[in-house]
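Biologist: Hi, could you walk me through this one before I head back to the bench?

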Amino acid sequence: MEQRNDKKLVIGVIGADVHAVGIRILEYAFKEAGFDVTNLGVMVSQEEFIGAALETAADAIVISSLYGHGELDCRGMRDKMDEAGLDGLLLYVGGNIVVGKQDFVDVEKRFHDMGFDRVFPPGTPPEETIYYLKKDLEVE
Amino acid sequence: MRCALLIDFGSTFTKMTAVDLMSEKIVGTASAFTTADSDIGIGFDVALDRLRQMTGDITFEFKSACSSAAGGLRMMVSGLVPELTAEAARLAALGAGARITRLFTHALTRRDLQDIESDPPDIFLMTGGTDGGNTTCMEGNAEKLRTLSVRFPIILAGNRQAIDVCEDALEDFPITVCPNVMPTFGVLNIEPVQREIRELFLKHIVNARGLSQTRELLSDIVMPTPSAILSAMKLLADGTKTEPGIGELMGIDVGGATTDVYSIARGEPVDIKVICKGLDEPYAKRTVEGDIGVRYSTVGIVSEVGQPWISDCSGLTLEDCVSLMSELADDKSKVPLACDDAMTRLDHALASGAVDIATRRHAGTLEEAFTTSGLVYVQTGKDLCSVRQIILTGGSLIHARAPLDIAQHALYTARYPMSLRPKQASVFRDDCYILSAMGVLAEREKDIALRIIKRELVKLGEIFSDDDL
């Protein structure tokens, strides 16, 4: 395991999605990379992400979605975070986040417009997300 | 004969129970009006005289009391997110037998501070943030509380990283530091706080309320009354090393102003397709509905179940209900006479409504969710469906003519299919008001207290959910 950094992540699978394995792998990978991880598991609502981020004083929220309905589930997330006083908090999303096979450039733009700082396509290795987390959170 | 005297200084009545520890029998009970306004010892002496008229001149090996006199243990609690640390703080205070006069979330405002100043609590419980998480909530609130002109004991039980700043800010308050009520996300850790609440209750509250003036008693007031009842319920469910308990149970106490519900049950999901959400729930859980009671809080009942429901349940016409309710509003001390059929029926309906609402708020819920892997259920709170025993206590249920019909409203029903209440139960009633006394006795004599509870609770019968399951 890498040296612990003091950055706190809140992670989970949003919506009515019950894919339980991937999020455990992410939890393991993020912890190995030195992050302090609060894993909310599956079927996590926007409110749960926000409540957890408030109580743990998280540095980033990382949302996973595998079942294709991520776009609907993520709509309004940034607005709710602003309302809750989490404005400016780093927000990632990744997985099979849209219905069917779509051009990822379009998908990424749509999620950027929804207020997500980074958007990851299906099959992204955890290392890539870790690289960007460290970059955005200025971890050495 | 080795006798013990157990006293419950209630808000209205001082109740006494004398127990012979050798034969493990109740040798007498008596009550008198609580005289908290003047000297609480006056009511105590009256009750003791009445008791001695029954029992003769016996001496007591020890005298222990619980108290909810003079407003009970009045607490204010603060936390960050309403469903998380603020909820953990609420559960901690209620489980310790407190009455929560205010619950604050996020940062305190100037108005909040005015409210605290004008009606300060006995104890203030401050929480907020997981360990290593949010510090601004606790630290900011501590800075604000320091500006008050009143002082009261404060328990700090939030993010441990915030404790230093809070302690510095609140140095002229009596401060105690406890482990975080929610050390990591979703994990509940309320026992240390509850022990501390009890310590403070003994140290500060008992003296402040003139309870220690009771000359023969001095400081042997061991806990707030609701905490004694919860402890008796837990003893009854779990048993001791040598005496078995009766297993998981639910307790209901319908009062004039509030309705308390207790559950001693793990409440975990029974099905693998259930996903649990929200904060952990305490095994021994107490909730209090401040807006639900059969005298002072009838408005809360009616506004939730509706006037037609009351009329339907009581068998009275809507007009009769309304006029009787206004009679009740004018005279809260009204007790239905044996011949007063209408009032008895109204009381039946109000108690039924109170049981229905309060148990629904206490029990967990189950929601259906359709996912790509099929139907799953999302459980929030405790699943009490498999709890098979219900204990009734409190004046309104003890004197009820049809208690089983009232208790029926605590069961699972198709009207609220998502409310996880017991599907069938044996109903027991605390006919001699001994639960609080036995909770106090259990501090010294667990086995004896348990055997007396098991003997004295009256089994009324079995009830079944009226729905095909």
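Modeller: Happy to; we can take the chain contact, then each chain in turn. This is a predicted model, where local features need pLDDT of at least 70, side-chain atom pairs count only at pLDDT 80 or more, and totals for chains, interfaces and linings use all residues. Residues are numbered from 1 along each chain as its sequence is written, with chains lettered from A and ligands numbered from 1 in the order in which they are written.

Biologist: How many residues of chain A are in contact with chain B?

Modeller: 14 residues of chain A are in contact with 20 residues of chain B (C-beta atoms, placed from the backbone, within 7 Å).

Biologist: And which element gives the most to that side of chain A?

Modeller: That is α2(A), with 5 residues. Both β2 (36–39) and α2 (46–56) of chain A supply at least two residues each; helices (H or I, at least four residues) and strands (E, at least two) are DSSP runs, numbered from the N terminus.

Biologist: What does β2(A) pair with?

Modeller: β1 (residues 8–13) of chain A pairs with β2(A) in the parallel sense, over 4 bridges; pairing takes at least two DSSP bridges. A:L9 stands opposite A:V37 in β2(A).

Biologist: Switching to chain B, how many helices and strands are there?

Modeller: Chain B has 15 helices and 19 strands. Its C-alpha atoms fill a box of roughly 65 × 60 × 50 Å along the principal axes.

Biologist: How is chain B divided into domains?

Modeller: Into domain 1 (3–70 + 209–219), domain 2 (74–204) and domain 3 (235–290 + 361–464), with bounds from an automatic or database domain assignment. The C-alpha centres of domain 1 and domain 2 of chain B lie 33 Å apart.

Technical notes. Two residues are in contact if their C-beta atoms, placed from the backbone, lie within 7 Å.
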